[in-house]
Amino acid sequence: MPDEIQQRAGVPVLVCDPAGPPVVTEQDALDLVGAAFLGAQVVAVPASRLDPRFFSLDTRFAGEVMQKFVNYRLRLAVVGDISAHLAESSALRALVHEANQGGQIWFVPDLDALDTRLRAAR
């Protein structure tokens, strides 16, 4: 399936294809922002599409990517199992916990969990 805008819990979400191109540069993140401008409020990116540097906070790649979404007032949902990354980094665990308390960046295990978050955020 290609990346496509879907209505999820009444919110337009750009649901990114797990087999799509990896997000390895800031430009890749901006490309997703641009695609979202076709009508999405949220971008749901499979964790598998994110370069491993995203989960290693000392690279600052996660911060750069997340800042792009914040700057353009788009919500970002990282979708998928990131437990292996969380097990390796207390800093990442803290980031995920803090992000999930807010309304801009979420880490969710699957699209059903994203739907639940979207319904609760109304």
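This note sets out, point by point, how the strands, helices, cores and charged pairs of a predicted model are arranged.

1. **Strand β4.** The description begins with strand β4, which spans residues 75-79. Five of its five residues are buried, so the rest of the structure largely encloses this strand. The side chains divide between two directions: R75, A77 and V79 point one way from β4, while L76 and V78 point the other way. Burial applies to both sets.

2. **The pairing of β3 with β4.** Strand β3, made up of residues 42-46, pairs with β4 in the parallel sense, and five bridges join the two. Within this pairing, V43 stands opposite L76 of β4. To pass from β3 to β4 the chain runs through helix α2 (residues 61-71), and the resulting β-α-β crossover is right-handed.

3. **The pairing of β4 with β5.** β4 also pairs with strand β5 (residues 105-108), again in the parallel sense, over four bridges. Two of the facing positions can be named. V78 has F107 as its bridge partner in β5, and V79 stands opposite V108 of β5. The residues of β5 point in two directions, with I105 and F107 on one side and W106 and V108 on the other. These four residues of β5 are all buried.

4. **Helix α1.** Helix α1 covers residues 26-36, and A29, L32, V33 and A36 in it are buried. Viewed down the axis of α1, its buried residues fall within an arc of 105 degrees, so they line one face of the helix. The general geometry of helices is relevant here: an α-helix has 3.6 residues a turn, so residues three or four places apart point the same way. As for what this face meets, the buried residues of α1 pack against β2 (11-15), β3 and α2.

5. **The largest nonpolar core.** Which residues touch the most other members of the largest nonpolar core? They are V43, F54, F69, L76 and F107, out of the 28 residues in this core. The elements that contribute two or more residues to this core are α1, β3, α2, β4, α4 and β5. Helix α2 gives the most, with five residues. Two of the residues named here also appear in the β3-β4 pairing, where V43 and L76 stand opposite each other.

6. **F54 and the second core.** Leaving aside residues up to four places away in sequence, F54 touches F61, A62, V65, M66, V78 and F107. Of these contacts, V78 and F107 are themselves bridge partners across β4 and β5. There is also a second, separate core of 12 residues, which includes A9, A44, A77 and L114. A77 belongs to β4, where it points the same way as R75 and V79.

7. **Salt bridges between distant parts of the chain.** The structure holds four salt bridges. In one of them, the side chains of D3 and R49 meet, at 2.9 Å from N to O. D3 lies in the segment before β1 (4-8) and R49 in the loop between β3 and α2, so this pair ties together parts that are 46 residues apart in sequence. Are the two partners buried or exposed? D3 counts as partly exposed, because its relative accessibility is 30%, whereas R49 counts as buried, at 2%. Another salt bridge joins the side chains of R8 and D115, with an N to O distance of 2.9 Å. R8 is in strand β1 and D115 in helix α5 (residues 111-120), so the parts tied together by this pair are 107 residues apart in sequence. R8 is buried, with a relative accessible area of 14%, and D115 is buried as well, at 11% relative accessibility.

8. **The D51-R53 salt bridge.** D51 forms a salt bridge with R53, and their closest N and O atoms are 3.1 Å apart. D51 counts as buried, at 16% relative accessibility, while R53 is partly exposed, with a relative accessible area of 34%.

9. **The loop at S89.** S89 lies in the loop between α3 (83-88) and α4 (90-101). With a relative accessible area of 17%, S89 is buried, as the cut-off for burial is under 20%. S89 and S56 are 33 residues apart in sequence, and their C-alpha atoms are 7.9 Å apart in space.

Terms used
Residues are numbered from 1 along each chain as its sequence is written. This is a predicted model: local features need pLDDT of at least 70, side-chain atom pairs count only at pLDDT 80 or more; totals for chains, interfaces and linings use all residues. Side-chain values use heavy atoms; hydrogens and water are left out. Buried means under 20% relative accessible area, exposed over 50%, partly exposed in between (1.4 Å probe, protein chains only). Two strands pair if DSSP finds at least two bridges between them. A crossover is right-handed if, with the strands pointing away from the viewer, the path from the first strand over the helix to the second runs clockwise. The arc is that of the directions from the helix axis to the C-beta atoms. Contact means heavy atoms within 4.5 Å. A nonpolar core is a set of buried Ala, Val, Leu, Ile, Met, Phe, Trp, Tyr and Cys residues joined through side-chain atoms within 4.5 Å.
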